[in-house]
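Here's a quick tour for anyone opening this one up for the first time. Have a look at the picture, then read on.

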Amino acid sequence: MPDASISLDPERELDDLKAYLGDEYDHNLLQRYQQTLDDEWASCDDEQQFYRSSKGYLYNLTAFAMTGTKLPYLRELTRHVPPGARLLDYGCGIGSDGLLLLEAGYQVEFADFDNPSVAFLRWRLGQRGLDAPVHDLDKHVPDGFDAAYAFDVIEHVPDAFGFLGEMEKRSALVEVNLLAPVPDDQDLHHDLPIEQILARAARLQLVSYKLLYGRSHLVLYRPRESGLAGRVRGRARLTAGRLRARFS
């Protein structure tokens, strides 16, 4: 199927943050977006509380959205899911991915902890005249979605399979990216069992697999048991994706 048109306006991302913060906006914090987050994390001794209170993510996630790093992830999703589908942005943060999908014609619902990033997201929805539910992960998140996605999120949770299980029970299709560690990785990142997750996706109904940026394993799958032929196809897709990355 043809994919929906997804395009990013980095200046709009920045303008949103400036307008939302007003006189409190500090461009130095945006330029040092990773150090801003690291400094905030270093002063907090409770990981769960950090994700419910962080203001540094306003700068970090805005700067990251401006890079367009996640556009290939979004375009892979829209290749397989038509506009009008009901999507869940799981671990949405400031909601940049879901906002792009809303404007491309998808029905998007958001889910994250009640935190400053989500407050910013609600403001952004209002500024765009968009109406979309924002669910609190500490309360109830509905199911029945056509697809659920989480980009650059799963490495922040201690139980990767538990996280995937929450997405799988709510959606017919799941898309996540798995970041391989690098020497200067964030302290916030947990080690991911990447090979085990990929092997599990291949045993289910693997739709696509790509290795992007040399470390981001993008996997899209249906969380349903697959027969022998499906498992063979899944392993073949993993192998083909690795070969494409090696020789591209």
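## The sheet

In what order do the seven strands of the open sheet come? Reading across, the order is S3-S2-S1-S4-S5-S7-S6, and the pairing is mixed. At the edges sit S3 and S6 (205-212), each of which pairs on one side only. On average, neighbouring strands here are turned by 20 degrees against each other, if you ignore direction. Keep in mind that what you're looking at is a predicted model.

Over at the S3 side, strand S2 (residues 107-112) pairs with S3 in the parallel sense, over three bridges. If you want a spot to check, find Phe-110: its bridge partner in S3 is Val-134.

## Strand S4 and its neighbours

Now move along to S4, residues 147-150. On one side of it, strand S1 (residues 86-90) runs parallel, with three bridges between S1 and S4. Leu-87 has Ala-147 of S4 as its bridge partner. S4 also pairs with S5 (residues 174-179), again in the parallel sense and over three bridges, and there Ala-148 is matched with Val-174 of S5. To get from S4 to S5, the chain goes through helix H9 (residues 160-168), making a right-handed β-α-β crossover.

Are the residues of S4 buried or exposed? Both faces of this strand are covered: Ala-147 and Tyr-149 point to one side, Ala-148 and Ala-150 to the other, and all of them are buried.

## Salt bridges that link distant parts

Searching the whole structure turns up 15 salt bridges. One of them joins the side chains of Arg-12 and Glu-103, at 3.1 Å from N to O. Arg-12 belongs to helix H1 (residues 10-21) and Glu-103 to helix H7 (residues 96-103), so this pair ties together parts that are 91 residues apart in sequence. Arg-12 is partly exposed, with a relative accessible area of 34%, and Glu-103 is partly exposed too, at 41%.

H1 takes part in another salt bridge, where the side chains of Arg-124 and Asp-16 meet at 3.0 Å, N to O. Since Arg-124 lies in helix H8 (residues 116-128) and Asp-16 in H1, the link spans 108 residues of sequence. Here both partners, Arg-124 and Asp-16, are buried. And which residues share a network of salt bridges with Arg-12? They are Glu-13, Asp-16, Glu-103, Arg-124 and Arg-128.

Elsewhere, Asp-138 forms a salt bridge with Arg-52, the closest N and O atoms being 2.8 Å apart. Asp-138 is in the loop between S3 (134-136) and S4, while Arg-52 is in helix H4 (residues 47-53), so parts 86 residues apart in sequence get tied together. Asp-138 counts as partly exposed at 45% relative accessibility, and Arg-52 is partly exposed with a relative accessible area of 23%.

## Two helices side by side

One last stop: H1 again, this time with helix H5 (residues 56-67). The axes of H1 and H5 come within 8 Å and cross at roughly 160 degrees. Why do H1 and H5 count as roughly antiparallel? Angles over 145 degrees fall in that class, and the crossing angle of H1 and H5 is roughly 160 degrees, so these helices are roughly antiparallel to each other. As for handedness, H1 passes H5 in a left-handed crossing.

Notes. Residues are numbered from 1 along each chain as its sequence is written. This is a predicted model: local features need pLDDT of at least 70, side-chain atom pairs count only at pLDDT 80 or more; totals for chains, interfaces and linings use all residues. Side-chain values use heavy atoms; hydrogens and water are left out. Buried means under 20% relative accessible area, exposed over 50%, partly exposed in between (1.4 Å probe, protein chains only). Helices (H or I, at least four residues) and strands (E, at least two) are DSSP runs, numbered from the N terminus. Two strands pair if DSSP finds at least two bridges between them. A crossover is right-handed if, with the strands pointing away from the viewer, the path from the first strand over the helix to the second runs clockwise. A salt bridge is a side-chain nitrogen of Lys or Arg within 4 Å of a carboxyl oxygen of Asp or Glu. Axes are lines fitted to C-alpha atoms, for helices over the stretch in contact, and angles run from 0 to 180 degrees between N-to-C directions. Angles under 35 degrees count as roughly parallel, over 145 as roughly antiparallel, 65 to 115 as roughly perpendicular and the rest as oblique. A crossing is left-handed if the near helix is turned anticlockwise from the far one by less than a right angle, and right-handed if clockwise.
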